[in-house]
Amino acid sequence: MTDSNKRISALMKRVREKGRLPSSDVIVRETFEGLGLVAGTVTPDDVLKNFNRYLHAVWGETLVTLERYEERSYSEGIPREFIQEFPEDFKAAAAVSDRDGFKEGFVDAFSRLYPMLRRAFLSVSQSRMTRGGRDFELQIEWLLGLAQIPFHKQEIENRTDLILPDLATHERNRTLSAVVSIKRTLRERWAEVAEELFNLRSPNVFLFTADQNVTQNHVNRICGQYNIHLVVWDDVKERKFPDEPFVLGYSEWADERLTVLRQLWG
């Protein structure tokens, strides 16, 4: 990392800390509560019957919730930290403003600081991508919790696996359990994840994604090469892969595959 990148990285860290940008856990919880997806308001059966619809709703609304906090945190935090970090540039721009007017002073400040501003907003974009993956994992976990589906969370570098219903069942008889791996997009490092999942030799491995751009090549490799079920939005299943048995919509997964497995858990 260059000195400039380190400088902006530290600056943006201060912005987020001072602006008290909430964690993914807080953002997702607030989103579920705002949508009324809480215990006592929705039943476990309702969640399973509407799994795709509810997941899609919280997927979109979580970003709205995050943007609301970002606007409050970044709109004041970034300029204040820039003034603190680059006083000489603002002093020079102020001199231009005094001589040629505010507009010219603003242009001067923006020109001087543009490379750093670009890095700052790239940091915002990268933070969103990182949070997006974490948020998607939490959204699925929250829905499973509302549906009263037991799971064991197993965090490993580059992926989060959920073992349903628990690790003991999985270790005793893998035909009774399910492994859920979660990838927000298939641009992520899914290939090495698929290799590891394939080595589990479990018949019930599901790769969840929110990616709208799933291709036949993805299906050929994930499903055909690794025998992993790919779980996608219902509309992606219907439009692109209606005849691919290893590609499931979220509704099909929750209504059919999960229902069968639950019966085996006793």
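So, the nonpolar core. The largest one in this predicted model has 54 residues. The residues with the most contacts inside that core are F51, L55, F206, F208, L230 and W253. If you ask which helix gives the most to this core, that's helix 6, residues 102 to 146, with six residues. There's another core lying apart from it, with 17 residues, including M12, V15, F86 and A120. As background, nonpolar side chains in soluble globular proteins tend to be buried together.

Let's stay with W253 for a moment. What does W253 touch, once we leave aside its neighbours within four places in sequence? The contacts are F51, L144, L164, V180, F206, F208, V231, L248 and L258. Now, F51, F206 and F208 were also on that list of core residues with the most contacts, and they turn up again in the aromatic story. Ring pairs join F51, W59, F136, F206, F208, W233, Y250 and W253 into a cluster.

Across the protein, the count of aromatic pairs comes to 13. Here's one to click on: F110 and Y114 make a tilted pair, with 6.0 Å from centre to centre and 40 degrees between the planes. Why is it called tilted? Because the angle sits between the cut-offs, where under 30 degrees would be stacked and over 60 edge-to-face. These two, F110 and Y114, are four residues apart in helix 6, so about one helical turn separates them. As for burial, F110 is partly exposed at 41% relative accessibility, and Y114 is partly exposed too, at 42%.

Okay, charges. How many salt bridges do we count? There are 14. I'll take three of them.

Start with E81 and K18, whose side chains meet at 2.7 Å, N to O. This pair links distant parts of the chain: E81 sits in helix 4, residues 51 to 85, while K18 sits in helix 1, residues 3 to 18, and they are 63 residues apart. Are the two partners buried or exposed? E81 counts as buried, at 6% relative accessibility, whereas K18 counts as exposed, at 61%. And the pair has company, since R7, R14, K18, E81 and E85 are linked in a network of salt bridges.

Next up, E70 and R128. Their closest N and O atoms are 2.7 Å apart. Again the bridge ties together distant parts of the chain, with E70 in helix 4 and R128 in helix 6, 58 residues apart. E70 is buried, with a relative accessible area of 4%, and R128 counts as partly exposed at 30%.

The third one is E137 with R134, where the closest N and O atoms are 3.6 Å apart. This one stays inside helix 6: the two residues are three apart, so about one helical turn lies between them. E137 is buried, with a relative accessible area of 11%, and R134 is partly exposed at 24%. Why does R134 count as partly exposed and not buried? Because buried means under 20% relative accessible area, and R134 is at 24%.

Let me zoom out to the whole protein. There are eleven helices and six strands. The radius of gyration is 23 Å, well over the 18 Å that the globule rule gives for 266 residues, so the protein is more spread out than a compact globule. You can see that in the C-alpha trace as well, which spans about 80 × 40 × 35 Å along its principal axes.

For a feel of that on screen, pick A95 and V231. Their C-alpha atoms are 59 Å apart, and along the chain the two residues are 136 residues apart. A95 lies in helix 5, residues 87 to 100, and counts as partly exposed at 41% relative accessibility. V231, remember, is one of the contacts of W253.

A few overall figures to finish. Buried residues make up 45% of the 266 in the protein. Of the contacts with a separation of 6 or more, 64% are between residues 24 or more positions apart. And the protein exposes about 14000 Å², with carbon and sulfur atoms supplying 51% of that.

Methods: Residues are numbered from 1 along each chain as its sequence is written. This is a predicted model: local features need pLDDT of at least 70, side-chain atom pairs count only at pLDDT 80 or more; totals for chains, interfaces and linings use all residues. Side-chain values use heavy atoms; hydrogens and water are left out. A nonpolar core is a set of buried Ala, Val, Leu, Ile, Met, Phe, Trp, Tyr and Cys residues joined through side-chain atoms within 4.5 Å. Buried means under 20% relative accessible area, exposed over 50%, partly exposed in between (1.4 Å probe, protein chains only). Contact means heavy atoms within 4.5 Å. A salt bridge is a side-chain nitrogen of Lys or Arg within 4 Å of a carboxyl oxygen of Asp or Glu. The radius of gyration is taken over C-alpha atoms; the globule rule is 2.2 Å times the number of residues to the power 0.38. Accessible areas come from the Shrake-Rupley method with a 1.4 Å probe; for residues, only the protein chains shown count as cover. Rings of Phe, Tyr and Trp (its six-membered ring) pair if their centres lie within 6.5 Å; planes under 30 degrees apart count as stacked, over 60 as edge-to-face and the rest as tilted.
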